[in-house]
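Trainee: Could you go through this model with me before I set anything up? I would like to start with a single residue and work outwards.

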Amino acid sequence: MSPNIESIRRSDELQEKTTQYLQFKSNIHQKIMNSEDEYTKRKQRLLDYFNGTEDDWENWHWQMKNRIQDVATLSLFVDLSTTDYNEIARVVKHNRFAIVPYYVAIASRDIHHPVNMLSIPRVAEIVDTTGYDDPMAEEFTNPAGSITRRYPDRLIINVTNICAMYCRHCQRRRLIGESDHHTPVEIINESIEFIRNHPEIRDVLLTGGDALLLSDHQLESILQQLRAIPHVEIIRIGSRTPVTMPMRITPELVQMIKQYHPVYLNTHYNHPYELTTRSMKACEVLANHGIVVGNQAVLLRGINDDPYIMTYLNQRLLQARVRPYYLFHAKSVKGTSHFIPSLSRGLEIMDFMRGFTSGLAIPTYIMNAPGGLGKVPLLPQYIVNKSKNTYTIRTWEDKTFEYADSEY
Ligand code: SF4
């Protein structure tokens, strides 16, 4: 059957819509390829500095032991003006700062590189102190142990406050505190006991901090106890390590986790530069062991609040077998206001992606309601008018049609 003229015309019209994006995609792809070369050189410099070997680099304990936590060491790997240097030194007196060598290696010497902007403190954190320490009132959603409960059938157990890298936009900054510590075992046990006594809880999320900063043994003890509770249907793990320290995804870890399926893992990529070959390998290992990985990005001003960057990030996540799950509108957390984009920008990005790319590549745009009231999905307006029983509905190309509703 030969295609008709109308189909060919429509196909050409659709192709035309992708021209600019394809140009962008080819440019950013090239930059990512260049950063892979840069990564190899920066990695060697970091290994030389810390007197480490290739084996050390792949050892997550070595990565954690050598986190960069002071501006003097940082300045050896990132170009800092005197003002930058002094400002960072001021900020780190107030706000926690640590970056594993791997995450330093995937950036560049330019302080404005997106990976640096996500990880290096800037003076705006202490100059603009608008916002709240606890905008979701988590303090009032803790019925036992280290639980956070905001919904009827699911809850969080906060298992640690440690992360491989302290994200500058962290939405749970309040929990990070001044020093690293895992939640004491008796508090975790109290949390598990609460779940045992609440048959309505079918979904448990282990997070913190970063849940994969627990040792395999500590994590297994929690998974084992949860799996023994008949009403716990699924277990989720919140971890940014596939992004910030992919060497944490060891064969031993995934072999252990797979015994407690169904286990899901939610991670947190914000920019395509974070999807390095090494990081994608970690996602592949997780997927190969049946651990379904979802991504929860945060929309951040000057980093990913761009329709093309967001589209590319989500398309690349799918290539890494990671499902784009949520895109959060940044909460009003003290010290992070400089990252918050406008809501209209977020809606514009969502509007762009719909139709332009696969539905599978589109996360749900979420605002966390203040006071612990839960997540609210945000969508561009598609119902543009309603009169009696007729809706006027808009398509992704801004064409409209009428829909006559049925009467019940
Ligand atoms: S990994 Fe998550 S909890 Fe840790 S600093 Fe980053 S955003 Fe915060």
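Trainee: Let's start with Asp398, then: is Asp398 buried or exposed?

Mentor: Keeping in mind that this is a predicted model, Asp398 counts as exposed, because its relative accessibility is 57% and the exposed class begins over 50%. Asp398 is located in the loop between strand 11 and strand 12, and although Asp398 is not a glycine, its phi is positive, at about 70°.

Trainee: Which other residue that is not a glycine has a positive phi?

Mentor: Asn51 is one, with a phi of about 60°, and Asn51 sits in the loop between helix 1 and helix 2 (54–57). Asn51 also counts as exposed, with a relative accessibility of 69%. As background, most residues other than glycine have a negative phi, and most peptide bonds are trans.

Trainee: And which residues are joined by a cis peptide bond?

Mentor: His261 and Pro262 are joined by one, with omega about 0°, and Pro262 falls in the loop between helix 13 (251–257) and strand 5 (263–267). Gly208 and Gly209 are also joined by a cis peptide bond, with omega about 25°; Gly209 belongs to the loop between strand 3 (203–207) and helix 11 (216–227).

Trainee: Back to strands 11 and 12: how many bridges do they pair over?

Mentor: Strand 11 (residues 390–394) pairs with strand 12 over 5 bridges in the antiparallel sense, and within this pairing Thr392 is opposite Glu402 of strand 12. Both strands belong to an open sheet of 3 strands, with antiparallel pairing and the order 10-11-12. Strand 10 (383–387) and strand 12 (400–404) are the edge strands, each pairing on one side only, and the average turn between neighbouring strands of the sheet is 20°, direction ignored.

Trainee: Switching topic, how is the chain divided into domains?

Mentor: The assignment gives domain 1 (54–126), domain 2 (138–377) and domain 3 (379–408). Domain 1 and domain 2 have C-alpha centres 23 Å apart, and 27 residues of domain 1 are in contact with 38 residues of domain 2.

Trainee: What about the largest nonpolar core, and which residues have the most contacts inside it?

Mentor: That core has 112 residues, and Leu206 and Leu219 have the most contacts inside it. Helix 1 (residues 5–50) is its greatest contributor, giving 8 residues. The core lies between domain 1 and domain 2, because both of these domains give residues to it. Beyond its neighbours within four places in sequence, Leu219 has contacts that include Leu206, Ile237, Leu253 and Met256.

Trainee: Now a charged one: why does Arg240 count as buried?

Mentor: Arg240 counts as buried because its relative accessibility is 8%, and the cut-off is under 20%. Arg240 is in the loop between strand 4 (234–238) and helix 12 (241–244), and its side chain makes a polar contact of 2.6 Å with the side chain of Glu274. Not counting residues up to four places away in sequence, Arg240 also touches others, among them Tyr103, Asp210, His268 and Asn270.

Trainee: Last one, how many residues of strand 7 are buried?

Mentor: Strand 7 (residues 322–329) is mostly covered, with 6 of its 8 residues buried. Strand 7 runs parallel to strand 6 (residues 292–299), and 7 bridges join the two; in one of these pairings, Val293 has Val322 of strand 7 as its bridge partner.

Notes:
Residues numbered from 1 in each chain as written. Predicted model: local features only at pLDDT ≥ 70, side-chain atom pairs only at ≥ 80, totals over all residues. Heavy atoms only, no water. Core = buried A, V, L, I, M, F, W, Y, C linked by side-chain atoms within 4.5 Å. Buried < 20%, exposed > 50% of the residue type's maximum accessible area, 1.4 Å probe, protein only. Helix = DSSP H or I, 4+ residues; strand = E, 2+ residues; numbered from the N terminus. Domains from an automatic or database assignment. Contact = heavy atoms within 4.5 Å. Pairing = 2+ DSSP bridges. Axes fitted to C-alpha atoms, helices over the stretch in contact; angles between N-to-C directions. Polar contact = N/O pair within 3.5 Å; in protein donor to acceptor, adjacent residues only side chain to side chain.
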